[in-house]
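Subject: Structure handover

Hi,

Here is the structure I promised to pass on. Please open it first, then read my notes below.

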Amino acid sequence: MNFDIAVLPGDGIGPEVMAEATRVLQSVGEKFGHKFHFHNGVVGGISIDKLGTALSKETLSICKDCDAVLLAAVGGPKWDDPQAKIHPEDGLLALRKGLGLFANLRPVKVLPILVNSTPLKPNIISGVDLVVVRELTGGLYFGQPKKQWQDPDGRKAVDTLIYSEAEVERIVRVGLELARNRRKKLVSVDKANVLQSSRLWRQITTEISADYPDVALQHMLVDTCAMRLIQNPADFDVIVTENMFGDILTDEASVLAGSMGMLPSASLAGIPKGKTFGMYEPVHGSAPDIAGQNIANPIATILSVAMMLRYSFNLETEACTIEDATLSVLKEDYRTQDIWSEGTTKVGTKEMGELITRRIKS
Ligand code: IPM
Ligand code: MG
């Protein structure tokens, strides 16, 4: 089969980890007889430098014309000035909105073999296998009004947390569908003891869940969830929540896996069934402090490629091939520096990509 993929390496370590991810993808193509056509685009800081905007019309239309988008990372100190008119992150938000990617899936799985790379006790994190479904195109990130202004009594600012029934319904359905195919537990996270938007969220979630009698639904306040995520993380199966809560909880959850360098993500434009358009990216950022040194962990981006094969191309066997190859390289004790521990073999970005590629070919 033929697939068109928009490739957006972005900034910092982005180009390095992307090179390994596309290398892995090529080897899957050769093994299974698929043709992956790469269409390069710029986004983030590099786009600001080259084109004066974090996301150009051209890059957006490359993405729209493809079957899926692979993105590595955007941002860096060069573009961090809070007074600046445009930031690399604006490109990311514009991509999410422009491509209608409302459902962000962030799986967190603790591999028994990496239990010692996390700061939490092994008995707490063993068996953790959860996925956070974060609403990605609504809430505080996009609600209007959103501005700063000057009043006689001082400066003021406002952001707006708004959700419509349709927005809540579609994201909750994604959570329910995923839960149905996993351990059938959905925790919907809100702040219904304080926020109106959360009360609506809770009501709609309860109504929609009637269509899924096989899934056990639990409502949980976001502060409680933050606590349970480190107290009892193995209890969670699927978590569904609004944009900002999801942003915060997924950074917290990422600690469970030992390194951000291990975590993939998918941002989908629909309920994952058959072939759903999506953008795939590692959860980590552009790590400018280690850029260009061949030490970044490419696994998060490589596992994001596996998610792309699964959700956008409906190629489950191919996706599992990447995941299995990654696991067996880790079992052979190869580690990038972020997950390295005494007694294991330290390798660079490129070497890790090559090891996984070799595994896939064998
Ligand atoms: C994330 C990031 C982004 C977000 C930033 C870079 C805008 O933190 O993907 O979690 O807040 O969504
Ligand atoms: Mg975040």
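I'll begin with helix 9. This helix covers residues 243-254, twelve in total. From first C-alpha to last it reaches 16 Å, close to the 16 Å expected at 1.5 Å a residue. Bear in mind that the model is predicted.

Much of what I noted on helix 9 concerns burial. Asn 243, Phe 245, Gly 246 and Leu 249 are buried, and so are Thr 250, Glu 252, Ala 253 and Ser 254. The cover over these buried residues includes four strands: strand 4 (103-109), strand 5 (129-135), strand 8 (185-190) and strand 10 (238-241). Helix 7 (196-209) and helix 8 (222-231) are also part of that cover.

The N-terminal end of helix 9 is capped by Glu 242. One of the side-chain oxygens of Glu 242 sits 3.2 Å from the backbone nitrogen of Met 244.

Next, the ligand. Ligand 1 is surrounded by Glu 89, Arg 96, Arg 106, Arg 134, Tyr 141 and Asp 247. Three polar contacts are worth a look. An N or O atom in the side chain of Arg 96 is 2.7 Å from an oxygen atom of ligand 1. For Arg 106, the corresponding distance to a ligand oxygen is 2.8 Å. Asp 247 places a polar side-chain atom 2.9 Å from an oxygen atom of ligand 1.

Now Asp 11. Asp 11 lies in the loop between strand 1 (2-10) and helix 1 (14-32). Asp 11 is buried, yet it has no salt bridge. The nearest side chain of opposite charge is Lys 78, at 8.3 Å. What does the side chain of Asp 11 reach at 2.7 Å? That partner is the backbone nitrogen of Gly 45. The backbone nitrogen of Ile 46 is reached too, at 2.9 Å. Leaving aside residues up to four places away in sequence, Asp 11 touches Val 43, Gly 44, Gly 45, Ile 46, Ala 73, Val 74, Gly 75, Trp 79, Pro 88 and Ser 286.

Last, Phe 38, which is found in strand 2 (residues 35-40). Is Phe 38 buried or exposed? Phe 38 counts as partly exposed because its relative accessibility is 26%, and buried means under 20%. Its C-alpha is 6.2 Å from that of Val 7, although the two residues are 31 apart along the chain. Phe 38 touches Val 7 as well as Ile 5, Thr 22, Leu 25 and Gln 26, again not counting residues up to four places away in sequence.

Best wishes

Definitions and conventions: Residues are numbered from 1 along each chain as its sequence is written. Chains are lettered from A and ligands numbered from 1 in the order in which they are written. This is a predicted model: local features need pLDDT of at least 70, side-chain atom pairs count only at pLDDT 80 or more; totals for chains, interfaces and linings use all residues. Side-chain values use heavy atoms; hydrogens and water are left out. Helices (H or I, at least four residues) and strands (E, at least two) are DSSP runs, numbered from the N terminus. Buried means under 20% relative accessible area, exposed over 50%, partly exposed in between (1.4 Å probe, protein chains only). Lys and Arg count as positive and Asp and Glu as negative; His and the chain ends are not counted. A salt bridge is a side-chain nitrogen of Lys or Arg within 4 Å of a carboxyl oxygen of Asp or Glu. A polar contact is a pair of N or O atoms within 3.5 Å; within protein, one must be able to donate a hydrogen and the other to accept it, and residues adjacent in sequence count only if both atoms are side-chain atoms. Contact means heavy atoms within 4.5 Å. The expected span of a helix is 1.5 Å times one less than its number of residues. A residue is near a molecule or strand if one of its heavy atoms lies within 4 Å of it.
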